[in-house]
Amino acid sequence: MSERNGHTFIPLEFEHLSTEEQVSRAHEFELRMRTRRTVRQFSPRQVPRELIETALRIASRAPSGANQQPWRFVVILDPEIKRKIRIAAEAEERDNYERRFPHEWLDALAPLGTDWHKDFLDIAPCLIAVFRLDYGIVPDREGNLQKIKHYYVQESVGIACGFLIAALHWMGLATLTHTPSPMGFLSQVLKRPATRNRTFSFPSDFPRTTLRSPPSPRNLSAGPPFFWNDTTHAALLSPTTPLTPLPLSKTMRRATRHL
């Protein structure tokens with residue numbers, strides 16, 4: 001162990017792999033993730049609790065601003081609570097589809113066949129609600145409660161949810177990222193503190209065996225990824241017309257003087 005600015009650091013646990021093993025793992029993971037789909041029709045088959053607990057431990061390993069881990073996961077298994085969530089979600093979603101959503105958004109949803117009915121909230125045996133913590137409350141030295149600001153909350157919670165989705169898919173479970181807006185009802189139904197703002201909910205279960213999904217073309221067709229290097233600033237995976245680098249801000253110009 002070592003100390004830095006009065007804080008203890010421990011040795012990094014890291015496995016060094018051969019290039020062959022890295023490539024093999026990369027291809028295996030890509031092959032699994034290529035089959036990931038958003039699912040809205042679930043089997044009522046029960047999910048082993050150990051799988052959900054393991055997936056949440058994996059999600060909690062996500063990076064976060066200042067390692068503040070500004071998320072809380074709430075697992076809902078009780079049929080009555082799920083029913084209350086469905087009733088509240090459908091009330092909001094019906095208003096969304098019939099009044100709030102602009103025509104462009106409805107057109108974008110049309111190929112997916114979605115509407116305000118959310119029966120999956122009843123059928124899926126497991127729902128996972130994700131709450132973000134914009135700030136924490138901790139006691140000071142005198143025992144008085146004080147607010148502690150959290151940083152990069154949205155980004156941190158989003159990354160944790162990405163870990164969660166990947167973990168559940170790797171385990172052979174299907175998910176749906178459900179984001180009814182507004183979602184104030186989740187805090188009320190689940191009796192969450194005011195410090196916790198709802199972000200996502202995930203029905204997590206086995207898909208229905210007869211399920212069909214729409215085709216999901218990905219993703220390089222939208223444009224090849226950028227590879228930045230020292231000489232050209234940006235080089236494309238496939239050679240094309242060279243890009244013109246964007247002008248640097250004053251802050252970035254000051255920073256680059258020290259590189």
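Trp105 is partly exposed, with 40% relative accessibility. The model is predicted, and this briefing starts from that tryptophan. Trp105 belongs to a cluster with Tyr97 and Phe101, linked by ring pairs. From there the topics are the cores, helix α2, one serine, and the charged residues.

**Aromatic rings**

- The structure has three aromatic pairs.
- One of them joins Tyr97 and Phe101 edge-to-face, with 5.2 Å centre to centre and 65° between the planes.
- Phe101 also pairs with Trp105, with ring centres 6.2 Å apart.
- The planes of Phe101 and Trp105 stand at 85°, so this pair too is edge-to-face; the cut-off for that label is over 60 degrees.
- At the Tyr97 end of the cluster, Tyr97 counts as buried, because its relative accessibility is 17% and the limit is under 20%.

**Charges over rings**

- Arg32 lies over the face of Trp170, 4.3 Å from the ring centre.
- Lys147 places its charged end over the ring of Tyr135, at 4.1 Å from the centre.

**Nonpolar cores**

- In soluble globular proteins, nonpolar side chains tend to be buried together.
- The largest nonpolar core here has 19 residues.
- Phe42, Ile76, Ile85, Ala129, Leu186 and Leu190 touch the most other members of this core.
- Two strands, β3 (71-76) and β4 (126-133), each give two or more residues to the core.
- Three helices do so as well: α3 (79-100), α5 (120-123) and α7 (184-190).
- Apart from this core lies another, of 12 residues.
- Ala59, Ile128, Ala167 and Leu168 are among the members of that other core.

**Helix α2 and the loop before it**

- Which residues of α2 are buried? They are Ile52, Ala55, Leu56 and Ala59.
- These four cover an arc of only 100° around the axis, so they sit on the same side of α2.
- An α-helix has 3.6 residues a turn, so residues three or four places apart point the same way.
- Ser43 is in the loop between α1 (19-33) and α2 (49-59).
- Is Ser43 buried or exposed? Ser43 is buried, because its relative accessible area is 15% and the limit is under 20%.
- A polar atom of the Ser43 side chain lies 3.0 Å from the backbone nitrogen of Arg45.

**Salt bridges**

- How many salt bridges does the structure hold? There are 12.
- Glu92 bridges to Arg100, with the closest N and O atoms 3.0 Å apart.
- Arg100 is partly exposed, at 35% relative accessible area.
- Glu98 bridges to Arg94, and here the closest N and O atoms are 3.2 Å apart.
- Glu98 and Arg94 are four residues apart in helix α3, so about one helical turn separates them.
- Glu98 is exposed, because its relative accessible area is 56% and the cut-off is over 50%.
- Its partner Arg94 is partly exposed, with 40% relative accessibility.
- Asp134 forms a salt bridge with Arg132, with 2.9 Å between the closest N and O atoms.
- Asp134 counts as partly exposed, at 27% relative accessibility.
- Arg83, Arg86, Glu90 and Asp122 are joined into one network by salt bridges that share partners.

How values were computed:
Residues numbered from 1 in each chain as written. Predicted model: local features only at pLDDT ≥ 70, side-chain atom pairs only at ≥ 80, totals over all residues. Heavy atoms only, no water. Core = buried A, V, L, I, M, F, W, Y, C linked by side-chain atoms within 4.5 Å. Buried < 20%, exposed > 50% of the residue type's maximum accessible area, 1.4 Å probe, protein only. Phe/Tyr/Trp six-rings, centres within 6.5 Å; stacked < 30°, edge-to-face > 60°. Lys NZ or Arg CZ within 6 Å of the ring centre and 35° of its normal. Polar contact = N/O pair within 3.5 Å; in protein donor to acceptor, adjacent residues only side chain to side chain. Arc of directions from axis to C-beta. Salt bridge = Lys/Arg side-chain N within 4 Å of Asp/Glu carboxyl O.
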